[in-house]
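Trainee: Before we set anything up, could we go through this model together, question by question, and keep to what the coordinates support?

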Amino acid sequence: MTSALNVHWQSQLFAAYALQEVLDKPIDGETPQSRLKQLGMMTVLYMMHQSHEKLTLSNIVKITGLTRNAVAESVDPLVERGILTETIVKNSMGRGTARQFEFCPEIFNRLRSGSEERKRGA
């Protein structure tokens, strides 16, 4: 079972990772406002991930209250950065398609190794 302290450290490591990836590595033509939106979106997506919710555009729209276009504007650069992977799946009604996202597994490997380093240093 994961302790509350461990969950807290994982969240802190994720926030530090997000800041480093988005602020230290701007994409050509990207505005500071876009980077801040991406950081906010990463926080929402991480919370959804922790709650085992599917990271689909529809779910993100429902949780954030943003339009589909606004969600896509924040999510697409995260895919471009390699933070998220995108797959096309059947929508919840089973008739059309939906964009579904996942965090790249390497992110959680980096967070685990950072957590282990913190434990050794403590």
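**Working through the model**

Mentor: Let us start with one residue, Q38, whose place is in helix α2, and keep in mind throughout that this is a predicted model.

Trainee: Is Q38 buried or exposed?
Mentor: The test here is relative accessible area, where buried means under 20%. Q38 has 0% relative accessibility, and therefore the residue counts as buried.

Trainee: With which side chain does the side chain of Q38 make a polar contact?
Mentor: Leaving out residues up to four places away in sequence, Q38 touches V22, E30, S74, P77, L78 and R81. Among these candidates, the side-chain polar contact of Q38, at 2.8 Å, is with R81.

Trainee: E30 also appears in that list, so to speak, as a neighbour of Q38; how far is the side-chain polar contact between E30 and R81?
Mentor: E30 lies in the loop between α1 and α2, and at 15% relative accessibility it counts as buried, because the limit is under 20%. Not counting residues up to four places away in sequence, E30 touches R35, Q38, P77 and R81. The side chain of E30 also reaches the backbone nitrogen of I27 at 2.9 Å, while its polar contact with the side chain of R81 is at 2.7 Å.

Trainee: Which backbone nitrogen does the side chain of T31 reach?
Mentor: T31 lies in the loop between α1 and α2, and at 41% relative accessibility it counts as partly exposed. The side chain of T31 reaches, at 3.0 Å, the backbone nitrogen of S34.

Trainee: Stepping back to the whole chain, in what order do its elements run?
Mentor: The secondary structure comes to five helices and three strands. Buried residues make up 31% of the 122 residues, and among contacts with a separation of 6 or more, residues 24 or more positions apart account for 51%. From the N terminus on, the order of the elements is α-α-β-α-α-β-β-α.

Trainee: Which element gives the largest share of the largest nonpolar core?
Mentor: That core has 24 residues, of which M42, L45, I60, L78, I83, F103 and I107 touch the most other members. At least two residues each are supplied by α1 (4–23), α2 (32–50), α3, α4 (68–80), β3 and α5 (105–121). The largest share, six residues, comes from α2.

Trainee: Which residues does I83 contact, leaving aside its neighbours within four places in sequence?
Mentor: I83 is one of the core residues that touch the most other members, and its contact list is therefore a useful one to read, given that contact means heavy atoms within 4.5 Å. With neighbours within four places in sequence left aside, the partners of I83 are Y17, E21, V22, M42, L78, E102, F103, C104 and I107.

Trainee: What separates the C-alpha atoms of L84 and P105?
Mentor: L84 lies in strand β2 and is buried, with a relative accessible area of 2%. Leaving aside neighbours within four places in sequence, L84 is in contact with L45, V75, L78, V79, F101, E102, F103 and C104. L84 and P105 are 21 residues apart along the chain, and the separation of their C-alpha atoms is 9.2 Å.

Trainee: Turning to the largest pocket, which element gives the most to its lining?
Mentor: About 250 Å³ of space lies in this pocket, and of the 14 residues that line it, the closest to its centre are T56, S58, N91, S92 and A98. By class, the lining has three nonpolar, seven polar and four charged residues. At least two lining residues each come from α3 (57–64), β2 (84–90) and β3 (97–103), and the element that gives the most, with four residues, is β3.

Trainee: Last, what is the phi of H52?
Mentor: H52 has its place in the loop between α2 and β1 (55–56), and at 75% relative accessibility it counts as exposed. Most residues other than glycine have a negative phi. H52 has a positive value instead, with phi near 60 degrees.

Notes
Residues numbered from 1 in each chain as written. Predicted model: local features only at pLDDT ≥ 70, side-chain atom pairs only at ≥ 80, totals over all residues. Heavy atoms only, no water. 1 Å grid on protein atoms, 1.4 Å probe; cavity = no way out; pocket = protein on both sides within 12 Å on 5 of 7 lines; lining within 4 Å. Points joined across faces, edges and corners; volume = space filled by probe spheres on them. Nonpolar A, V, L, I, M, F, W, Y, C, P; charged D, E, K, R; others polar. Core = buried A, V, L, I, M, F, W, Y, C linked by side-chain atoms within 4.5 Å. Buried < 20%, exposed > 50% of the residue type's maximum accessible area, 1.4 Å probe, protein only. Polar contact = N/O pair within 3.5 Å; in protein donor to acceptor, adjacent residues only side chain to side chain.
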